[in-house]
Protein chains: 2
Amino acid sequence: MSWKTSSVTVCALLLGSALSHGALAGPPAKQSPVVIAEQGSFAVGGNVLQSPGVFSPNVFISTAGGTLHGDHAYVQFQIPPNARNLPLVMWHGGGQMAKTWESTPDGREGFQTIFLRRGFAVYILDQPRRGRAGQTTVGTTITPITIDQSLFIIFRLGIWPNFFPGIQFPHTSAVATLPVEEPLNQYFRQITPNTGPADPADGTNSANETNAVAALFDKIGPGVLITHSASGILGWQTAIKNAKIKAIVAYEPTVFVYPQNEPAPPPGFAPAVPVPASDFDKLTKIPIQIVFGDNIPNAPTPYPGLNLWVNAIPAAQAFAATVNAHGGDAEVVRLPDKGLHGNTHFPFSDLNNVAVADLLSEYLKEKGLDKRGNGNN
Amino acid sequence: MSWKTSSVTVCALLLGSALSHGALAGPPAKQSPVVIAEQGSFAVGGNVLQSPGVFSPNVFISTAGGTLHGDHAYVQFQIPPNARNLPLVMWHGGGQMAKTWESTPDGREGFQTIFLRRGFAVYILDQPRRGRAGQTTVGTTITPITIDQSLFIIFRLGIWPNFFPGIQFPHTSAVATLPVEEPLNQYFRQITPNTGPADPADGTNSANETNAVAALFDKIGPGVLITHSASGILGWQTAIKNAKIKAIVAYEPTVFVYPQNEPAPPPGFAPAVPVPASDFDKLTKIPIQIVFGDNIPNAPTPYPGLNLWVNAIPAAQAFAATVNAHGGDAEVVRLPDKGLHGNTHFPFSDLNNVAVADLLSEYLKEKGLDKRGNGNN
């Protein structure tokens, strides 16, 4: 491992192990302080809606001739002293926001702070029309829908109200009750609605999202993109737009791309998206790692929410095979094959997330993506 | 001043001064690193929407018997080593979110990082149904409305497209053009819509907001509440709910409360809200400072957006007088009276925000709110 195996890291690993049987975590272990050279936030990308007419300052609210600036991404960053050369950009999934990468549902450190400690500049973002990037040039209607329990299944915590045995999510009983325990309460409150029309699940019309993140890499320079779930497809599309994306690590991506002059591969959550061969080739120039958690069925079960996942790994494997057939460097990792069991759809915030982070650190080191200065670590 | 007047602080003061004539800021000055003992985020407060019926895991999306967890506040915190006893809780205004307290529109440090550097634990929040607290139990329709220019006036940057002379907002020309310069672009993109029904401007039905922030103080213990604009009224109401709020500093609050057995005071943006005398008395137990910026007219102008402010300071003064008549400790500060000129509706992110922060530090010291341990600084 490329960072110093400090007592802090060892403690965290032990803690993760001690908690890996579904026990409720106690107060987060005290860690050593984090040092930050610079932190802040900004908007990037976006559109401007402009109304016709002439603005009048003599009217209380004059929409005529007025503008609305929306459809940007909102980005928070923290940069440690002597940061590694390539920052990590972390992009949430569907119905989520950058909270994904912050504190875990039981209050431990998420990937944002873990990788800051490991010397990376970390950028977390809310994609356009989500969370703090809420300002939108196109309106929508938000309708509350009571799907916490359905998401419990889709996100593979278990078959509601039963947790999967050995699940890496904090709970005290094998059966969830209402009101839910605090970690599950926090988890459900991470969900946030779109404030404008949603991007299609297949990523075919996600210009706001991919343009904003491409603009982010133009602003910050070369870096590594970390995606999750629904941002998986957007990540492939953004890397095609911007060569400053030097690698992609995708946690549980659900949709893929393929060269349009070749046969369509098997679908993930939705059919793969055809792209020009010259675009697909751009994905063969960067290392790509795809990571899946546990409890993914190989064949249909009585639970449609769980069955969403039946096609995911074969689709990912087909994508990786196509990338590699074109001279690329893609791999699909199943965490159980690495000795990590019980991971949900959110491995980076699961109870064993330090071990999951260790795998990411190892990958970044193996691919030479964690260097400082002229190449020293 | 109670914090060490380091070279960093002096540099920042000089920088603020050098930029105080409306010049576009260059790259932010490099500061010394920030040390953080702990950081993270969580949801607090909120409601649960539950649908009737029985949940079925055999249906893909079963809303029957399902829940939605919404109407919470979303909170980010950073705690420095050896923090002062009382954390600062910073609450944004209308149409805004916690971005208010982060990087300024031109990328300098906002109050979040400034006061972290000064040894305070800092909590910034998105109120229920705003920003990252988007999940809502009651739906709404979001309709984009082109009011950037109207807000330019209401927020007292100038009379669009003309900046006020000497305004503490970064710009290169006296006249704004479209597309706007980057600081104004960032400023407009700080706006974010409500994802559920808005609280009334007079705060008469804001239980979600005040309950969530009251719950936050129950979670973190005694602290100082900093409000801005529309959260001003909510701050008075929350302090009535929770005695753990040990002081309030309100930037440009717009609506006030008064004892219901006394004559109604002059209105602010809206009529003052009557509260039981025993509730009003709770506001006499804590120090209250109310701060206003510059360019507030004393009498109506041709600009309705600017005229909103005509009543604000008299209303604040009447509120402070009532608090003090009941034995309290409230004051109204006009920044020009302190030698700070050109401040907008957002003094904490204006070009001279370090000087504005210095006034806050002085107030906290004067009132004994900045102590560490048993009272040493």
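User: In this predicted model, what percentage of the contacts in chain A between residues at least 6 apart in sequence join residues at least 24 apart?

Analyst: The model is predicted, and its chain A contains ten helices and 16 strands. When contacts in chain A are restricted to pairs at least 6 apart in sequence, the share that joins residues at least 24 apart is 72%.

User: What percentage of the residues in chain A are buried?

Analyst: The accessible surface of chain A comes to about 12,900 Å², and carbon and sulfur atoms account for 56% of that surface. Counting a residue as buried when its relative accessible area is under 20%, the buried portion of the 377 residues in chain A is 61%.

User: By what kind of axis are the two copies related?

Analyst: A turn of 180° with a shift of 0.0 Å along the axis lays chain B on chain A, with an RMSD of 0.0 Å. The two copies are therefore related as by a two-fold rotation axis.

User: Why can the copies be said to meet through the same surface?

Analyst: The argument rests on comparing the interface residues of chain B with those of chain A. The copies meet through the same surface because the share of interface residues of chain B that are also interface residues in chain A is 99%.

User: Which elements give two or more residues to the lining of the largest cavity?

Analyst: The search of the whole structure finds five cavities of 30 Å³ or more, and the largest has a volume of about 190 Å³. Among the 16 residues lining this largest cavity, those closest to its centre are Gln76(A), Gln78(A), Gln112(A), Gln76(B) and Gln78(B). The lining divides into two nonpolar, twelve polar and two charged residues. The elements that give two or more residues to this lining are strands S2 (38-44) and S5 (73-79) of chain A, together with strands S2 (38-44) and S5 (73-79) of chain B.

How values were computed. Residues are numbered from 1 along each chain as its sequence is written. Chains are lettered from A and ligands numbered from 1 in the order in which they are written. This is a predicted model: local features need pLDDT of at least 70, side-chain atom pairs count only at pLDDT 80 or more; totals for chains, interfaces and linings use all residues. Side-chain values use heavy atoms; hydrogens and water are left out. On a 1 Å grid over the protein atoms alone, a cavity is a set of points where a 1.4 Å probe fits but cannot get out, and a pocket is an open set with protein on both sides within 12 Å along at least five of seven lines; lining residues have an atom within 4 Å of a point. Grid points are joined across faces, edges and corners, and a volume is the space filled by probe spheres set on the points. Helices (H or I, at least four residues) and strands (E, at least two) are DSSP runs, numbered from the N terminus. Ala, Val, Leu, Ile, Met, Phe, Trp, Tyr, Cys and Pro count as nonpolar, Asp, Glu, Lys and Arg as charged, and the others, Gly among them, as polar. Buried means under 20% relative accessible area, exposed over 50%, partly exposed in between (1.4 Å probe, protein chains only). Contact means heavy atoms within 4.5 Å. Accessible areas come from the Shrake-Rupley method with a 1.4 Å probe; for residues, only the protein chains shown count as cover. Copies are superposed by least squares on the C-alpha atoms of residues with pLDDT of at least 70 in both.
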